[in-house]
Amino acid sequence: MIKHSELISSVEESRTMAISSLVKKLQAEGKNVLSFSAGEPDFPTPEFIKRAAIKAINENFTRYTANEGYPALINAIIKKFSKENNLEFKAENILVSDGAKHSIYNLLMAICNPGDEVIFQAPYWVSYPEMVKLAQAKSVIIEAGVEQHYKITPEQLEKAITPKSKAFIFNTPSNPTGAVYSKQEIEALAEVLKDKKIYIISDEIYEKIVFDDEEHFSIGSIDFLKDKTITVNGMSKAYAMTGWRIGYAGGRADIIKLARNLQSHSTSNAASISQAAATAALTEPSDEIPKMVSMFKERRNFIYESLNKIDGIKCPLPKGAFYVFYDVSHFYGTHVNGYKINDSSTFCNYLLTEEFVGLVPGIAFGNDKCVRMSYACSFDDLTDGLNRINRALAKLK
Ligand SMILES: Cc1ncc(COP(=O)(O)O)c(C=O)c1O
């Protein structure tokens, strides 16, 4: 037997994608599956963005662009960072990649040496630990459970930092919890990072999807962290552009240069047509985003209230993104027809096989007490899904 890469063999399949594949398989078998597992808006990409892409095709904007992104898009990103995030960059500070995921991957590869430590919290976005593994670094995970509203404290961050710490990945608003760190909370974390030799990768992909009186604040805008922070964002979530694959990073030129070099030998430039579409999204005025956000908010209110009416479910109020992350550990130890529920995976399997409801087990995000449910779907589906969940839970003994 010829041995394959040990490093790549150690990487797990994305569990959210694994659930989506299982849901698709059941749907193909004709089952009426309701999936709340997808991490993408259900809205179509706004018309003005699609028009820009069609124009790009018609004008033959279909060749390679500069590896790091084409100048009009880089300019649009510089302006966006300056206007919305209080971050000042030049062209040499920007990298456009095939999605924010790709940007984060490039950055971790650019920063880490074998044995370095990368700190982030649990619940975390599924890809962080696997990307850290690919960069041959070690994940240092800070637990932030429901009792602390899924947010870490400055004391926890301080404790996690060692001489081997290389980077801290910070994600607000959060996938999977919907937690949003306030400016004061971010400033308190920043104080801890102030004199440490540690980079911050700030994943702000959900920045525009915040509710109530929350405001997104970029950690990189804090003066003493400007030089240490690389801010990542992208088009997927705010502009309903998941399939277009455009993400970007802004930060110090030496790191961006390394990430660009890596990209130049792996994927090269992001798709030219998608870059043209992203440029339109970032530069043309539009009221599509507030409309989407207000629909997400209505759904969030509905799902939050409905879930908390179910005995045994603890669901904190998410302040951003489009997920609820709730504690179902009350049901562990129960059973039905010989099937025992003892963790988030058996809980999700039960709901999928009993009532064809697709949720993502919290273990995928480093918290086995919880499950993630996306509300990027219609009210009808949410209502139907809640009825099914209620029915399935009522059968448990
Ligand atoms: C927290 C977080 N970061 C980054 C990404 C990557 O987004 P994309 O690669 O589509 O830009 C996602 C997507 O699910 C996410 O949830």
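Two residues count as in contact here if their C-beta atoms, placed from the backbone, lie within 7 Å. This is a predicted model, in which local features need pLDDT of at least 70, side-chain atom pairs count only at pLDDT 80 or more, and totals for chains, interfaces and linings use all residues. Residues are numbered from 1 along each chain as its sequence is written.

Let's start with two helices. Helices (H or I, at least four residues) and strands (E, at least two) are DSSP runs, numbered from the N terminus. The expected span of a helix is 1.5 Å times one less than its number of residues.

| Helix | Residues | Expected span | Distance between end C-alpha atoms |
|---|---|---|---|
| α2 | 14 residues | 20 Å | 20 Å |
| α11 | 21 residues (288–308) | 30 Å | 30 Å |

In α2, residues T16, I19 and V23 are buried, meaning that 20 or more other C-beta atoms lie within 10 Å of their own, while exposed residues have 12 or fewer and partly exposed ones fall in between, with C-beta atoms placed from the backbone. Seen down the axis of α2, these buried residues fall within an arc of 60 degrees, so they line one face of the helix; the arc is that of the directions from the helix axis to the C-beta atoms. The buried residues pack against β1 (34–35), β12 (357–358) and β13 (360–361). Turned away from that buried side are the exposed S21, K25 and A28. Just after α2, G30 has a positive phi of about 90 degrees.

Now for α11. Its buried residues are M292, F296, R299, R300 and I303. They cover an arc of only 115 degrees around the axis, which puts them on the same side of α11. Their packing partners are β9 (323–327) and α13 (379–394). P290, K291, S294, E298 and E305 are exposed on the other side of α11.

On to the domains, whose bounds come from an automatic or database domain assignment. Domain 1 takes in 6–44 + 288–394, and domain 2 covers 47–283. Their C-alpha centres lie 26 Å apart. The contact between them takes 35 residues from domain 1 and 32 residues from domain 2. On the side of domain 1 that touches domain 2, α2 (15–28), α11 and β9 each give two or more residues. The largest share of that side, six residues, comes from α11.

Finally, the ligand is surrounded by 13 residues, each with its C-beta atom, placed from the backbone, within 6 Å of the ligand. The closest are G99, A100, K101, G234 and S236.
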